[in-house]
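Biologist: Please show me the model, and then I will ask about some of its side chains.

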Amino acid sequence: MKEQELPEGCIAEILSYAATPADLLNLSLVSKAFASASEYDTVWGRFIPSDLSSFLPSSSIPSSTSKKALYYALSDNPTIIDQGKKSFQLEKRNGKKCFMLSARDLNIIWGGTSQYWKWTNLPQSRFEEVARLYAVCWLEISGKINIRVLSPNTLYAAFLVFKMIDASGFHHHPVELSVGILGGNSSFKNVCLDPSLEDDELDDTFLGLQRPSEREDGWLEIEMGEFFNSGMEEDELHMKIKETTSNMWKHGFILEGIEVRPKHVR
């Protein structure tokens, strides 16, 4: 039987189990039958998280006329949740969940002392406030998220999202980043956090270290580490940024947050 002879509803049912959002876009170009079937709510409803209402209040869920429109509303732009402390977004190609913990949702050592850190707003940020570092010797920032809110059977990575403006003090010692499940194994790595530093400004401890890259939204990001979410645990993922070795004053670091998203996906 040719696909043209199958009822649209039958094609839609098949697509709802066998296709990803990216597949649907490609299949809709193959034939009118696929194009029509790929508009069905039964297809797109499978990509809407079943637990959406548990972390996204109904008032924050975009009012859409179709599941497809809702999917794109949730994937095109981040939605602010948890009283402004986090953001949520669907990865457009596969519907996996992405979360960003804002600076306010993180534990910043000396973050409440105005002579060291200042809370301010930046038009480029998705959040109302970001944390701007004035001067600290002891740089330590940590955050956590319960992995049960993430998509199961998915390889995730945590990314530090920040800016460097007239930064100084980051050339004395690498910054340590760590990611791990509470009570389990953690991964650690040293990185060069300031992308403006030239090699001749650094000693051998910086050789070959990862540097940040620029995101599409204009912020910098650097991968902190990865982990696989099997969906079988209720554990917490802990993430930390630390530089407490050099005892040198650091300045010019602006923290937006930590993003947890599927690995290799922007």
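Biologist: Is Lys-118 buried, partly exposed or exposed?

Modeller: This is a predicted model, and Lys-118 has a place in strand β5 (residues 117–120). Its relative accessibility is 39%. Buried needs a value under 20% and exposed one over 50%, so Lys-118 counts as partly exposed.

Biologist: How far apart in space are Lys-118 and Ala-131, C-alpha to C-alpha?

Modeller: Leaving aside neighbours within four places in sequence, Lys-118 is in contact with several residues, including Ala-131 and Tyr-134. Lys-118 and Ala-131 are 13 residues apart in sequence. In space, their C-alpha atoms are apart by 5.8 Å.

Biologist: Of Trp-44 and Tyr-72, which is buried?

Modeller: The two form an aromatic pair, 5.5 Å centre to centre, with 50° between the planes. The pair links distant parts of the chain, helix α4 (residues 41–44) and helix α6 (residues 67–76). Tyr-72 is partly exposed, because its relative accessibility is 24%. At a relative accessible area of 3%, under the 20% limit, the buried residue is Trp-44.

Biologist: Which residues do ring pairs link into a cluster with Trp-44?

Modeller: Trp-44 and Tyr-72 are a tilted pair. Ring pairs join these two to further rings in a cluster. Besides Trp-44, its members are Phe-47, Tyr-71 and Tyr-72.

Biologist: How far is Arg-261 from the ring centre of Phe-159?

Modeller: A charge counts as over a ring only within 6 Å of the ring centre, with a limit on the angle as well. Lys-163 sits over the ring of Trp-219, with its charged end 4.9 Å from the centre. Arg-261 lies over the face of Phe-159, and its distance from the ring centre is 3.7 Å.

Definitions and conventions: Residues are numbered from 1 along each chain as its sequence is written. This is a predicted model: local features need pLDDT of at least 70, side-chain atom pairs count only at pLDDT 80 or more; totals for chains, interfaces and linings use all residues. Side-chain values use heavy atoms; hydrogens and water are left out. Rings of Phe, Tyr and Trp (its six-membered ring) pair if their centres lie within 6.5 Å; planes under 30 degrees apart count as stacked, over 60 as edge-to-face and the rest as tilted. Helices (H or I, at least four residues) and strands (E, at least two) are DSSP runs, numbered from the N terminus. Buried means under 20% relative accessible area, exposed over 50%, partly exposed in between (1.4 Å probe, protein chains only). A charge sits over a ring if NZ of Lys or CZ of Arg is within 6 Å of the ring centre and within 35 degrees of the ring normal. Contact means heavy atoms within 4.5 Å.
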